[in-house]
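Me: I'd like to get better at reading strands and helix packing from a model. Could you walk me through one?

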Amino acid sequence: MQDKYINPFTDYGFKRLFGHEPNKNILIDFLNELLKEQEGEIKTLTYLKNEHLGSSDVDRKAIFDLYCENDKGEKFIVELQKTKQNFFKDRTLYYSTFPIVEQAKRSNWNYELKAVYTIGILDFVFDEDKENKEKYRYDVKLTDIDTNKVFYDKLTFIYLEMPKFNKDITELKNRYEKWLYVIRNLNKLDRIPVELQEKIFEQFFQTAEISKMTKQELLSYEDSLKYYRDLKNSLDTAKGEGIEIGIKIGREKGREIGKEEGIEIGEYNNAIKAAKKMLSDGLSIEIVSKYSGLTLEDVKKLQL
């Protein structure tokens, strides 16, 4: 049976819900719930061109982003990332510098900066903290190590590990948790839950209703959904094959050592097949190596 509501973890779904001018109040409400303790109320937002963000091929396939500015000149990067990426934290820090550098273009600038917020909605969990099932939100600022006090408060990173948010609808305590719930579960629902029957969520669900799409919108969504499923299937397959093959040949030992230890050619060929699929889906060679069991050198050869 076809889903009633779009999947927000697709490119089309994310931008339809949060990136269209008629639905700007949806994004404003979400950000207000996310940032109200430190930002106060956001009353207006302007969508900006994001040509600097997500510039690589892998970024465009795995990351969907929005770039906005409020009436105070503060910048907001809101992005949804479907898969793990090597140097993920480096990348988010790098892209946060563009809104900072842009401020230097003003005449008679005295180095005073407006705040920059980067919000990452993640469809994965950080490896270093995956055992902590209760922690799904990270709030990051420049902080003094000795005092643990914020040293600079105009650069903020918020990461939401959505796979860890598993609260039932009856467990939601506030509007902020309601937003996480609908993002996490939207395409699994067939109606608006009683607990979410508020004006903003009613608009959200109406925007997400697949039956209200035009033919062209539906085609665009189906293309986006197909890519999402292909990428997810590729990762799931890679994980399964990578664990099995990795145990036998060793993730770091490589092709020749694997053969010396009695690895069958068929198993090695399966690793090659899985690696080629992951590369075609835009995954980095490091991730391909990790889940296929091949060495970095072997993966690089497949790119030639």
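Reply: Sure. Keep in mind that this is a predicted model. A good place to begin is strand β3, residues 75-81, which is mostly covered, with 7 of its 7 residues buried.

Me: Which residues point one way from β3, and which the other way?

Reply: Lys75, Ile77, Glu79 and Gln81 are on one side, while Phe76, Val78 and Leu80 point the other way. Both sets are buried.

Me: What does β3 pair with, and in which sense?

Reply: Its partner is strand β4 (residues 116-122), and the pairing is parallel, over 7 bridges. If you want a spot to click on, Leu80 stands opposite Ile121 in β4.

Me: And how do β5 and β6 run, and how many bridges join them?

Reply: Strand β5 (residues 137-143) and strand β6 (residues 150-161) run antiparallel, joined by 6 bridges. Asp139 faces Ile158 of β6 there. The two strands make a hairpin with 6 residues between them, and in the turn Asn148 has a positive phi of about 60 degrees.

Me: Now helices. Where is α1, and is it mostly covered or mostly exposed?

Reply: Helix α1 spans residues 11-18 and is mostly covered, with 6 of its 8 residues buried. Those are Tyr12, Gly13, Phe14, Arg16, Leu17 and Phe18.

Me: How do I read a packing angle? Take α5 and α6: at what angle do they cross?

Reply: Look at how the two axes are oriented, and at the cut-off: angles under 35 degrees count as roughly parallel. The axes of α5 (residues 175-185) and α6 cross at roughly 10 degrees and come within 12 Å, so the two helices are roughly parallel to each other. Arg175, Lys178, Trp179 and Val182 of α5 make the contact with Ile200, Phe201, Phe204 and Phe205 of α6. By class, that contact has 6 nonpolar, no polar and 2 charged residues.

Me: What about α2 and α6: what is their packing angle, and how far apart are the axes?

Reply: Helix α2 (residues 24-39) packs on α6 (residues 199-208) at about 130 degrees, with the axes 10 Å apart. That angle makes α2 oblique to α6. The crossing is left-handed.

Me: Which residues make that contact?

Reply: From α2 you have Asn25, Ile26 and Asp29, and from α6 Ile200, Gln203, Phe204 and Thr207. Sorted by class, the contact of α2 with α6 has 3 nonpolar, 3 polar and 1 charged residues.

How values were computed:
Residues numbered from 1 in each chain as written. Predicted model: local features only at pLDDT ≥ 70, side-chain atom pairs only at ≥ 80, totals over all residues. Heavy atoms only, no water. Axes fitted to C-alpha atoms, helices over the stretch in contact; angles between N-to-C directions. Helix = DSSP H or I, 4+ residues; strand = E, 2+ residues; numbered from the N terminus. Parallel < 35°, antiparallel > 145°, perpendicular 65-115°, else oblique. Left-handed = near helix turned anticlockwise from the far one by under 90°. Contact = heavy atoms within 4.5 Å. Nonpolar A, V, L, I, M, F, W, Y, C, P; charged D, E, K, R; others polar. Buried < 20%, exposed > 50% of the residue type's maximum accessible area, 1.4 Å probe, protein only. Pairing = 2+ DSSP bridges.
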